[in-house]
Amino acid sequence: MTDTRFFPSLAVLTAVFLASGPPPAAATEAVLSAPGASDELRQALEASALTLEAARAPDASAQDIFAAARADYARLVGVLYARGYYGPEVHVTLDGREAADLSPLSVPARIGRVEIRVAPGRPFAFSQALIEPLAPGTELPDGFAPGKPAEAATVRAAAKAGVDGWRAAGHAKAKVAGQSLIADHPDATLAARLRLAPGPAIRFGDLVIAPGSGVREDRLRTIAGLPMGEPFDPDALDRSAERLRRTGAFRSVRLTEAETLGLGNSMDIGLEVVDQKKRRAGAGVEFSSLEGATVSGFWMHRNLMGGAERLRFDFEIAGIGGQDDGGEDLSLSARFDRPAVIDADTGLYLLGAVEDLDEPDYTETNARAGGGLTRIFSPHLKGEAGVLLRYADVSDDLGDRKMTHLTFPVSLTWDRRDDPLDAHKGFYLDGSVTPLLAVGGAAESGALIKADGRIYQQLGSRLVLAGRAQIGSVVGAASDGVPPALLFFSGGGGTVRGQPYQSLAVDLPNGDRIGGRSFIGLSGEARVGVTRAIQMVAFYDAGFVGPDSWVSDGDWQSGAGLGLRYDTGIGPIRFDVAAPVDGDTGDGVQFYIGIGQAF
């Protein structure tokens, strides 16, 4: 049987003696035994036992250990019930005396040994697993069935699934109205019967907004997009909260369902938001032994005009102190975003940017301006479509020229990674098509196509395999009809580590070089956790650049190396050392330092 006796005055007496008790005890021996228990169950019991933790603490007093021991009866029984053991015996002894039998007034000044003995008993199985009534389409846990292990967690999961099924059908006030859990100890079975009360079908009422936000109420309603008057849908409620969060204007967003219903079974929804600070700035630094340092930063203003608008300025200086043939690259951009301009999931953006690029094979000064629409199709799928005017003044081995294009960028991103900064599983797909319309100078019409795919697979608790594939193509326009910044090069930290920056290009007959019209990039990494914060990484990169729009003639290069990652809590710091493996574009060892995984 389970000993779960408690004293009504225990909390008061323990508090008094904790305040005036003896000094900390010397090291206390602490053990837990659970004969017949599986390794998984024993580990769960040890993880839950506060007494073991208290006894092993160097500064724990006897009163600390005693208080933990009294709490452990209920904690350990809860662990056993959760796994279907309903006839356990739990004993916690302090120097051979049962903790439940000790008065706080008789706790010794020092406790030398703590022993926890658990006899789990037989695991129970369901003799009956019934929950009714159920909404159409409700999926109960597979384990909630006769003959399956009668774990308390399974009963809770079944109750939650039943309530969630009715809520998904529009019955927001569904609840568990009654339950019967009868344990048959001789047969080690549990009869579980749950009764649900669906309540009435409910419609969304008004959105009741708490004061205090700098965002106007009309904009909060528009951004949330709550379908007032429509049947209740918990997914619609979640979407409204997510729309507000992704604006970046709020530190917290809370939607609450009204306790009482209005006319026609309508239910108001309360909204409370806490604004973020209006302004934010940040900076970053990366370094490569050949490319040099890259310094970047941003300044952002949230809720610019009271409608959750965002204005962001970004700058970057790259190639500082680089050893390649290029110089420093400068860029400055400004972007304005306004959410919910057509509907709750469609936003507007305006963009302006200037760049001065001094690359090994070309120089280019360009400017672009325009705008477009953003669309959130789902929490994982988003897209953009816009119109930008792009002007470029370029000089490369094809000569000096100016060109102006009207571009129509369209992109789609599908992101199913568990963590964008340090993914362990999932995938990422990003594709874009940018038609180019020649409107001035040496420009030619065509299109720029790009795609980036990444996949992550965790094997065990320490190993993550990561792969990446990139493709690019310029179609319809010749190499001298588009800016060199839109052509493709390979080599360096963003493509092939171990190869010099932009070392692979298209070689012309006279010894000159230009960017390619086709590109393939392949990368693979094995990331092995050494400690909680440190990873070792082995990687291999390969890149192809060709003169034609589609892969035909061209050259490959590859590189490989090892790296370290240190997890800072907000993202890993990256250090990679790499060398060329194939190709005649470079030699020697390169190293790279940055923030975040390579991909």
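Here, buried means a relative accessible area under 20%. With that cut-off in hand, let us visit a few spots in this predicted model.

**Figure 1. Asp541, a buried residue in strand β26.** Welcome to the first close-up, centred on Asp541, which sits in β26, the strand covering residues 534-546. Asp541 has a relative accessibility of 0%, so Asp541 counts as buried. Its side chain has two partners to look for. The side chain of Arg497 makes a polar contact of 2.7 Å with that of Asp541, and the side chain of Ser523 makes a polar contact with Asp541 at 2.9 Å. Setting aside neighbours within four places in sequence, the residues in contact with Asp541 are Thr495, Val496 and Arg497, then Leu522, Ser523 and Gly524, and finally Gln557, Ser558 and Gly559.

**Figure 2. Val528, a partly exposed residue in strand β25.** The next view turns to Val528, found in β25, which spans residues 518-529. Val528 has a relative accessible area of 37%, and is therefore partly exposed. Beyond its neighbours within four places in sequence, Val528 touches Arg462 and Leu463, as well as Ile534, Gln535 and Met536. It is also worth finding Leu459 here: Leu459 and Val528 are 69 residues apart along the chain, and their C-alpha atoms are separated by 9.8 Å.

**Figure 3. The packing of helices α6 and α7.** Two packed helices are described by the angle between their axes and the distance between the axes. In this view, α6 (residues 217-224) and α7 (residues 234-246) pack at about 120 degrees, and their axes lie 8 Å apart. The two helices are therefore oblique to each other. From α6, the residues Leu220, Ile223 and Ala224 meet Ser240, Arg243 and Leu244 of α7. Sorted by kind, the residues of this contact are four nonpolar, one polar and one charged.

**Figure 4. A three-stranded open sheet with helix α6 across it.** Follow the strands in the order β8-β10-β9 to trace this open sheet, whose pairing is mixed. At the edges are β8 (203-209) and β9 (250-257), each pairing on one side only. From one strand to the next, the twist averages 25 degrees. Seven bridges join β9 to β10 (residues 266-275) in the antiparallel sense, and a good pair to pick out is Arg254 with its bridge partner in β10, Glu272. Helix α6, already met in the view of its packing with α7, lies across β8, β9 and β10 and runs at about 145 degrees to β8.

**Figure 5. A four-stranded open sheet with helix α4 packed on it.** The last close-up shows an open sheet of four strands with mixed pairing, arranged in the order β1-β4-β2-β3. Its edge strands are β1 (29-33) and β3 (97-98), and each of them pairs on one side only. Strand β1 pairs with β4 (residues 113-119) in the parallel sense, over five bridges. To locate this pairing, look for Ser33, whose bridge partner in β4 is Arg117. Helix α4 (residues 62-82) packs on the sheet and touches β2 (89-94), β3 and β4. The direction of α4 makes about 165 degrees with that of β2.

Conventions: Residues are numbered from 1 along each chain as its sequence is written. This is a predicted model: local features need pLDDT of at least 70, side-chain atom pairs count only at pLDDT 80 or more; totals for chains, interfaces and linings use all residues. Side-chain values use heavy atoms; hydrogens and water are left out. Buried means under 20% relative accessible area, exposed over 50%, partly exposed in between (1.4 Å probe, protein chains only). A polar contact is a pair of N or O atoms within 3.5 Å; within protein, one must be able to donate a hydrogen and the other to accept it, and residues adjacent in sequence count only if both atoms are side-chain atoms. Contact means heavy atoms within 4.5 Å. Axes are lines fitted to C-alpha atoms, for helices over the stretch in contact, and angles run from 0 to 180 degrees between N-to-C directions. Angles under 35 degrees count as roughly parallel, over 145 as roughly antiparallel, 65 to 115 as roughly perpendicular and the rest as oblique. Ala, Val, Leu, Ile, Met, Phe, Trp, Tyr, Cys and Pro count as nonpolar, Asp, Glu, Lys and Arg as charged, and the others, Gly among them, as polar. Two strands pair if DSSP finds at least two bridges between them.
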